[in-house]
Amino acid sequence: MSMSKWIRDLFTGKDNKTVDLGRVLWAKSVVAYLAIAFYQVHIGNPIDFVSHGAGISGILAAGGAAIGLKANTEPNPPT
């Protein structure tokens, strides 16, 4: 499997053609959260791993719930 197909499958719905805004925003949220955490460590602020774990788990749970709730609205793949 090529990398471009893997990325396309990651950010599209069931039909693998329609870009899913929920998945894109979910990925951007995770990247932004991690970037802010790395920056805070870089400038010398300590990190609380319990709070960090709770924050990232909240983002991942909310994204998974959003994708699950809208699963019935995605276009079906052609047969």
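## A salt bridge within helix H1

In this predicted model, the side chains of lysine 5 and aspartate 9 meet in a salt bridge, with 2.8 Å from N to O. Both residues sit in helix H1, four residues apart, which is about one turn of the helix. Try turning the structure until you can see the two side chains.

How accessible are these two partners? Lysine 5 has a relative accessible area of 33%, so it is partly exposed. Aspartate 9 has a relative accessibility of 21% and also counts as partly exposed, because the buried class covers values under 20%.

## The nonpolar patch

Helix H1 covers residues 3-10, and isoleucine 7 is one of its residues. With a relative accessible area of 35%, isoleucine 7 is partly exposed. Together, Met3, Trp6, Ile7 and Leu10 make a nonpolar surface patch of about 400 Å².

## A network of salt bridges

How many salt bridges does a search of the whole structure find? The search finds three. Besides the lysine 5 and aspartate 9 pair, there is a network that links Asp20, Arg23 and Lys70. Aspartate 20 forms a salt bridge with arginine 23, and their closest N and O atoms are 2.8 Å apart. The side chain of aspartate 20 also meets that of lysine 70 in a salt bridge, at 3.1 Å from N to O. Lysine 70 lies in the segment after H3, while aspartate 20 lies in the loop between H1 and H2, so this pair ties together parts that are 50 residues apart in sequence.

Is aspartate 20 buried or exposed? Its relative accessible area is 6%, so aspartate 20 is buried. Arginine 23, in contrast, is partly exposed at 21%, and lysine 70 is partly exposed at 24%.

## Two helices side by side

Now look at helix H2 (residues 21-42) and helix H3 (residues 49-69). Two packed helices are described by the angle between their axes and the distance between the axes. Here the angle is about 175 degrees and the axes are 9 Å apart. Angles over 145 degrees count as roughly antiparallel, and H2 and H3 are therefore roughly antiparallel to each other.

Which residues make the contact? On the H2 side they include Arg23, Trp26, Tyr33 and Leu34, and on the H3 side they include His52, Ile56, Leu60 and Ile67. Arg23 appears here as well as in the salt-bridge network with Asp20 and Lys70.

One last pair to find is lysine 70 and tryptophan 26: they are 44 residues apart along the chain, and their C-alpha atoms are separated by 14 Å.

Notes. Residues are numbered from 1 along each chain as its sequence is written. This is a predicted model: local features need pLDDT of at least 70, side-chain atom pairs count only at pLDDT 80 or more; totals for chains, interfaces and linings use all residues. Side-chain values use heavy atoms; hydrogens and water are left out. Patches are made of residues with over 30% relative accessible area and no salt bridge: like charges are joined within 9 Å, nonpolar side chains (Val, Leu, Ile, Met, Phe, Trp, Tyr) within 5 Å. Accessible areas come from the Shrake-Rupley method with a 1.4 Å probe; for residues, only the protein chains shown count as cover. A salt bridge is a side-chain nitrogen of Lys or Arg within 4 Å of a carboxyl oxygen of Asp or Glu. Buried means under 20% relative accessible area, exposed over 50%, partly exposed in between (1.4 Å probe, protein chains only). Axes are lines fitted to C-alpha atoms, for helices over the stretch in contact, and angles run from 0 to 180 degrees between N-to-C directions. Angles under 35 degrees count as roughly parallel, over 145 as roughly antiparallel, 65 to 115 as roughly perpendicular and the rest as oblique. Contact means heavy atoms within 4.5 Å.
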